[in-house]
Structures are given as C-alpha cells and as structure tokens.
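Thanks for coming, everyone. Please take a look at the structure on the screen, and then I'll walk through a few parts of it.

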Amino acid sequence: MQDLLLGERQALIRARLDLSGRVIAAELAQELGVSEDTIRRDLREMAASGLCQRVYGGALRISQSPTSMNERMGIAGESKAALARAAAGLIPAGSTVFLDASSTNLALAKVLPSGGGLTVATNAPAIAAALVERDIATIQLGGMIDPKVGGAIGAKAMRDAEAFRPDILVLGVCGIDLEAGVTASSFEDAEFKRFLASRSRSVLVAITNDKLSAAAPYSVVPLSRVAHAVIEADADETEAAALAAAGIDILRAV
C-alpha cells in the first residue's frame, strides 16, 4: 500500500468516503504507510476540488442534493412520507411552526392535523399550498423564490422572518454529522436557516439515510441546537447512537 500513487491514493479515499461517509487521517496514514501530513495534503486537495469536506482529524463525504425542489420531491417518496408521519407526532396542538423549504417538509405539510390549532409559516410556496388545502392557518414569507431551494431565502424573506418566534422549526437538512452539524448546499439558504434557528424555541429535523454522516458545504447549526431528529426505520445504529450521544432525542419512523 505504501507505493500507491497520488491518484490511486485519492481514489481509495473517495471510495472510503462513499462507503462510510467519513475518513480518519491517522487511520488512513497507518493503513497506507504514509505520513499524516501526506493524507492531510490529499484531503486539502480533494476538498479544494469539491470532493470532500475537511473536518478536524479527517474528512466527510459531501452531500450531493438534486438541483431543484421538483427533483427532490420525486426521490424516496415513501421514506419521506414515513418520516413526515413520525415528525407530525412531535408537534403539539396549538403550536406555531415554521416549515423550512424541503421535500420532506412538503410531505409533513400534507399530514399535519387540520384540527390541531396549528399556525404554520413557511418560505416555500408548495408547502404553503399543501397547508391551505388542509385548512391550516398558513403564513407565506415573501420575496423571490430560489428554484433550487424551492423557497424564498433573500432579504425580503429574512425581513418577514423577523416577525416570527416559532415554537418549533422543522429544518430542511442537506447533511448532518457529529462534527459538521447541520449543513446546507447553498450559502444563502444556510444563512436563512441559521437566522430561523436563532429565533426558534426548538429545532426538529427529519433525515433520510443519505444525509447521515454527510456534509454539505455550508454550516447551519451545531448538533447542540437540535432537539429532535426523526430518522428512517433502517438507519445505521452507529450513526443514530452518535446523534443520541450529542443530546438529540431520536425517533425512528415506521
């Protein structure tokens, strides 16, 4: 293994990232018979090329999200529906809720109880439409809609959001990891999500398996800010335990 060329070594690192979602520099150095400095240099080069996200001691797989809300809505529909049903049970009657723009949150909007006295705000037109159909009190933030995000995230939406102090923020997640925390694929979306989290009493996330131990390029909040996480029924036990150890209440969808 010592004689691997640079390209071969980085290909092996990418394969490990694809398989487990993370690599540890010290472990790779020992396995490949090279120095940790060499591995760190490899990881720096790979991060600069957008192939991974560097974290202390190693690197994480970068979450690759589809390019639009419409595309995301067509992926893993049954899994998102199960997550939505479980998440709905964590939202008390009479709550003020913010549903961030995400395809999983769209599934949640379709199953929230119409007689629960909820007031729900959102920056996503598709979510607002689903809420109105269920006769739920709905507030739509204004501004230009970002087609990739599926919601308004610009200056107007930020100003509108200043009026809210939600009991629960259901945060759209592009990646979640013990070290990276909750991450987003868009700089402006991450900024908008951070602002919402700063004004919310509690943060809830509903996570498909591909988002676990993955990191998108932009930080949103650390795991310490997340109160509840709904995960898939077959989510990896080790990854679930890591989130629970960070103080997050874990609920598996069924």
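When I say two residues are in contact, I mean heavy atoms within 4.5 Å. One caution before I start: this is a predicted model.

Let's begin with two helices. H1 covers residues 6-20, and H3 covers residues 36-48. How are they packed? The angle between H1 and H3 is about 75 degrees, and their axes are 11 Å apart. That makes H1 roughly perpendicular to H3.

Which residues meet there? From H1 come Leu 6, Arg 9, Gln 10, Ile 13, Arg 14 and Leu 17. From H3 come Thr 38, Ile 39, Asp 42, Leu 43, Glu 45 and Met 46. Sort the residues of this contact by class, and you get 6 nonpolar, 2 polar and 4 charged.

Take one residue from that contact, Ile 13, in helix H1. Is Ile 13 buried or exposed? Buried, with a relative accessible area of 0%. Now its contacts, not counting residues up to four places away in sequence. Ile 13 touches Val 23, Leu 28, Asp 42, Leu 43 and Met 46. Look also at Cys 52, which is 39 residues from Ile 13 along the chain. The C-alpha atoms of Ile 13 and Cys 52 are separated by 9.7 Å.

Leu 28 takes us to helix H2, residues 25-32. Four residues in H2 are buried: Ala 25, Leu 28, Ala 29 and Leu 32. Where do they sit around the axis? They cover an arc of only 100 degrees, which puts them on the same side of H2. What do the buried residues of H2 pack against? The partners are H1, H3, strand S1 (22-24) and strand S3 (58-62). Turn to the other side of H2, and you find Glu 27 and Gln 30 exposed. After H2 comes Gly 33, with a positive phi near 70 degrees.

Next, helix H10, residues 237-245. The buried residues of H10 are Glu 239, Ala 240 and Leu 243. Yes, a glutamate is on that list. Seen down the axis of H10, the buried residues fall within an arc of 100 degrees, so they line one face of the helix. This time the packing partners are strands: S10 (175-177), S12 (202-207), S15 (228-231) and S16 (249-252). The face of H10 turned away from the buried side carries Glu 237, Thr 238 and Ala 245, which are exposed.

Step back into the loop between S15 and H10, and there is Ala 235. Ala 235 is buried, at 6% relative accessible area. What does Ala 235 contact, leaving aside neighbours within four places in sequence? Asn 209, Leu 212 and Arg 252. For a sense of scale, pick Gln 140, 95 residues from Ala 235 along the chain. The C-alpha atoms of Ala 235 and Gln 140 are separated by 33 Å.

Now two backbone oddities. Asp 135 and Ser 213 are not glycines, yet each has a positive phi. For Asp 135, phi is about 60 degrees. Asp 135 is in the loop between helix H7 (125-133) and strand S6 (137-140). For Ser 213, phi is about 55 degrees. Ser 213 is in the loop between S12 and strand S13 (214-215). How do their surroundings compare? Asp 135 is exposed, at 67% relative accessibility. Ser 213 is buried, with a relative accessible area of 9%.

Last topic, the aromatic rings. How many aromatic pairs are there? The count comes to 3 aromatic pairs. One of them is Phe 187 with Tyr 218. Those rings are edge-to-face, 5.8 Å centre to centre, with 80 degrees between the planes. Phe 187 lies in helix H9 (residues 187-198) and Tyr 218 in strand S14 (residues 218-221), so the pair ties together parts that are 31 residues apart in sequence. Tyr 218 is partly exposed, at 33% relative accessible area. Ring pairs also link Phe 98, Phe 164 and Phe 192 into a cluster.

To recap: H1 is roughly perpendicular to H3. The buried residues of H2 are on the same side of that helix, and those of H10 line one face. That's my tour.

Key
Residues numbered from 1 in each chain as written. Predicted model: local features only at pLDDT ≥ 70, side-chain atom pairs only at ≥ 80, totals over all residues. Heavy atoms only, no water. Phe/Tyr/Trp six-rings, centres within 6.5 Å; stacked < 30°, edge-to-face > 60°. Buried < 20%, exposed > 50% of the residue type's maximum accessible area, 1.4 Å probe, protein only. Axes fitted to C-alpha atoms, helices over the stretch in contact; angles between N-to-C directions. Parallel < 35°, antiparallel > 145°, perpendicular 65-115°, else oblique. Nonpolar A, V, L, I, M, F, W, Y, C, P; charged D, E, K, R; others polar. Arc of directions from axis to C-beta.
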